[in-house]
Amino acid sequence: MDFPRALRERRTRSRLSQLELATRAGTTQRHLSFVESGRSVPGRNMVIRLAESLELPLRDRNELLVSAGFAPAYAESPLDGPVLAPVRTAIDHILRGYQPYPALVVDGRGDLIAANEALGLITEGAAAELVGPGRNVYRLALHPAGMAPRIRNLAEWARHILARLGHLPELRDELAGYVPDLEPSAGQLGFAVPLDLLSARGELHLMTTVTTFATAVDVTLAELKLEAFLPVDPATAAILQAAAEAGQAPGNM
């Protein structure tokens, strides 16, 4: 993809006018217009400023630089390499700290990197090929052989997941095919979309929080997401605590 087209598409996707983007990037609308038409060739610093002003993910910033003929600015280190060793240590501490509540870490595609033992309670009964490191957690949630049969509010939860997959259209289309055409339940959803899940220990009512490494300048680190499942009510908290005290096996994790 040529740079003018790549820039124009990303600006349009961000719903910014040329004037808005130019103001953010510290340039003029006229200059930006010349760049998008191919009449002006931007330098490396200008491309970086435009990418930052568009608030693009680091991977997209690298792609924009490459399309302009420059080398990528942001490294993409292997997670098991020495550079990200402190990150692996931090992830381990964070996951243990969430016990007895389930928590996991996924990469940019939603593939499982790590999880704590509490996750076993909410993945129980899922097919073995859908669980474990390297498996996609979104597929695990919505696949008929995964968690879907035990999700009481599948319509709302499926919509919540599919809405997060705009950057992965093939996966989104696959998962949409697993979800029946269900109507959302009547009434208000409340302050967040819950996960109402049947388990061997009783019905769980959970909400999720997502944590990212906000200051990351490495593509791998920037794409990691830590998602925790927190109890909405005391009954769910009690079930999770009892499972931990009983030594709930990681099961299919």
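This is a short tour of charged side chains and the partners they meet in this structure. The model you have open is a predicted one, and a search of the whole of it turns up nine salt bridges. We will visit some of them, then finish at an aromatic ring.

**Stop 1: Arg11 and Glu36**

Select Arg11 and Glu36 and show their side chains. The two form a salt bridge, and their closest N and O atoms are 2.6 Å apart. Now colour the helices: Arg11 belongs to helix 1 (residues 3-13), while Glu36 belongs to helix 3 (residues 29-37). With their positions 25 residues apart in the sequence, the pair links distant parts of the chain.

Are these two residues buried or exposed? Switch on a surface and look for them. Arg11 has a relative accessible area of 11%, and because the cut-off for buried is under 20%, Arg11 counts as buried. Glu36 is buried too, with a value of 5%.

**Stop 2: Arg152 and Glu203**

Next, select Arg152 and Glu203. Here again the side chains meet in a salt bridge, with 2.8 Å from N to O. Follow the backbone from each one: Arg152 sits in the loop between helix 8 (137-142) and helix 9 (154-162), and Glu203 is in strand 4 (residues 202-211). They are 51 residues apart, so this is another link between distant parts of the chain.

Bring the surface back for a moment. Arg152 counts as exposed, at 53% relative accessibility, whereas Glu203 is partly exposed, at 28%.

**Stop 3: Arg164 and Glu227**

Move on to Arg164 and Glu227. Their side chains meet in a salt bridge of 3.2 Å, N to O. Arg164 lies in the loop between helix 9 and helix 10 (169-176) and Glu227 in strand 5 (residues 225-231), so the pair ties together parts that are 63 residues apart in sequence. Check the surface once more: Arg164 is partly exposed, with a relative accessible area of 25%, but Glu227 is buried, at 8%.

**Stop 4: a network of three**

Which residues join Arg59 in a network of salt bridges? Select Glu76 and Glu223 together with Arg59, and you have the linked group on screen.

**Stop 5: a charge over a ring**

For the last stop, select Phe34 and Arg39. Turn the view until you look at the ring from the side: Arg39 lies over the face of Phe34, 4.0 Å from the ring centre. If you then go looking for aromatic rings that pair with each other, the count is zero.

Terms used:
Residues numbered from 1 in each chain as written. Predicted model: local features only at pLDDT ≥ 70, side-chain atom pairs only at ≥ 80, totals over all residues. Heavy atoms only, no water. Salt bridge = Lys/Arg side-chain N within 4 Å of Asp/Glu carboxyl O. Helix = DSSP H or I, 4+ residues; strand = E, 2+ residues; numbered from the N terminus. Buried < 20%, exposed > 50% of the residue type's maximum accessible area, 1.4 Å probe, protein only. Phe/Tyr/Trp six-rings, centres within 6.5 Å; stacked < 30°, edge-to-face > 60°. Lys NZ or Arg CZ within 6 Å of the ring centre and 35° of its normal.
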